[in-house]
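Here is a walk through one protein chain, with the sequence and model to look at as you read. Keep the viewer open and follow along.

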Amino acid sequence: MRLSKDKLDSLCKIRDKSGSRFYEFSTSWWALFFFFILVFGCVLWNQLIPFENLKFDPYPFNGLRTVLALMGAIQTPLLLLYSRKSTDYRKHLLEQDFELEKKIFKKIEIMEREMRNNHNEYIHELKYFSKFNKKMNRKRNTMKINQVTEKQDFISLEQTQRDSLQAKKTEKNENMTA
């Protein structure tokens, strides 16, 4: 019976997931606590229980030693294998992070360049408007001066006209009385 490629891939995924879960558990504090309780419980059970027929592993604890050696023999290659796999996975994640950071830095550089260009344009526009404002203020001032001189000219013209009319009236009055 041949396995199809999809079936083989799904089995490999299951194997990888279960192996990585075993790796994660066996490298955790819970695993250390579990094995400590297991060993301590076996030793206490075999030392403190008063009935000889319930003791499954007497003092030299050969059975416990054998089980622990077997677990170590099975666990060591798995831990080494999955630590390498997790290192490869972390390396892959670091490479992805590095690529992402490169893209982000490129975008930041582009934004900085645009901001510098916009800043230069803004400064140029400010200079233009300040020059324009100065020109307008000069024109306003000259217009005010012209208006003031025109008013003064108008007032002086009116005054001279009044004076001349007054002089004519007084002359008429003098001529009438004389």
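## Starting with Phe-61

Where is Phe-61 found? Phe-61 sits in the loop between α2 and α3. Keep in mind that this is a predicted model, so everything below is read off computed coordinates.

Phe-61 has a backbone quirk: its phi is positive, at about 55 degrees, even though this residue is not a glycine. Is Phe-61 buried or exposed? Its relative accessible area is 13%, so it counts as buried, the cut-off for that being under 20%.

## Asn-46 and its neighbours

Phe-61 also turns up in the surroundings of Asn-46, a residue of helix α2. Leaving aside residues up to four places away in sequence, Asn-46 touches Lys-55, Phe-56, Asp-57 and Phe-61. With a relative accessible area of 2%, Asn-46 is buried.

## Helix α2, face by face

Helix α2 covers residues 29-48. It has 20 residues and runs 28 Å from its first C-alpha to its last, close to the 28 Å you'd expect at 1.5 Å a residue.

Which residues of α2 are buried? They are Ala-31, Cys-42 and Asn-46. Look down the axis of α2 and these buried residues fall within an arc of 20 degrees, so they line one face of the helix. Over on the other side of α2, the exposed residues are Trp-29, Trp-30, Leu-32, Phe-36 and Leu-48.

## A nonpolar patch on the surface

Now for the greasy side of things. Phe-25, Trp-30, Phe-33, Phe-34, Phe-36, Ile-37, Leu-38, Phe-40, Leu-44 and Leu-48 make up a nonpolar patch on the surface, and together they have about 1,100 Å² of accessible area. Which element gives the patch its largest share? That would be α2, with nine residues.

Take Leu-38 as one of the patch members. Leu-38 lies in helix α2, and its relative accessible area of 31% makes it partly exposed.

## The salt bridge in α3

How many salt bridges does the structure hold? Just one. Side chains of opposite charge can pair when their charged atoms come close. Here the partners are Lys-102 and Glu-99, with their closest N and O atoms 3.9 Å apart; the cut-off for calling it a salt bridge is within 4 Å.

Both partners, Lys-102 and Glu-99, lie in helix α3, three residues apart, or about one turn of the helix. Why does that spacing suit a pair? An α-helix has 3.6 residues a turn, so residues three or four places apart point the same way. As for accessibility, Lys-102 is partly exposed at 37%, and Glu-99 is partly exposed too, at 41%.

## More of α3, and some distances

Leu-78 is another residue to find in helix α3, and with a relative accessible area of 30% it counts as partly exposed. How far apart are Leu-78 and Tyr-23 in space? They are 55 residues apart in sequence, and their C-alpha atoms are 7.2 Å apart.

Tyr-128 belongs to helix α3 as well. At 52% relative accessibility, Tyr-128 counts as exposed, since the cut-off for that is over 50%. Tyr-128 and Pro-77 are 51 residues apart along the chain, and 76 Å separates their C-alpha atoms.

Finally, have a look at Glu-52, which is exposed at 59% relative accessibility. Glu-52 is in the loop between α2 and α3. Its C-alpha is separated by 114 Å from that of Asn-137, and the two residues are 85 apart along the chain.

Definitions and conventions. Residues numbered from 1 in each chain as written. Predicted model: local features only at pLDDT ≥ 70, side-chain atom pairs only at ≥ 80, totals over all residues. Heavy atoms only, no water. Helix = DSSP H or I, 4+ residues; strand = E, 2+ residues; numbered from the N terminus. Buried < 20%, exposed > 50% of the residue type's maximum accessible area, 1.4 Å probe, protein only. Contact = heavy atoms within 4.5 Å. Expected span 1.5 Å × (residues − 1). Arc of directions from axis to C-beta. Patch = residues over 30% accessible without salt bridge, like charges linked within 9 Å, V, L, I, M, F, W, Y side chains within 5 Å. Areas by Shrake-Rupley, 256 points an atom, 1.4 Å probe, with all protein chains shown as cover. Salt bridge = Lys/Arg side-chain N within 4 Å of Asp/Glu carboxyl O.
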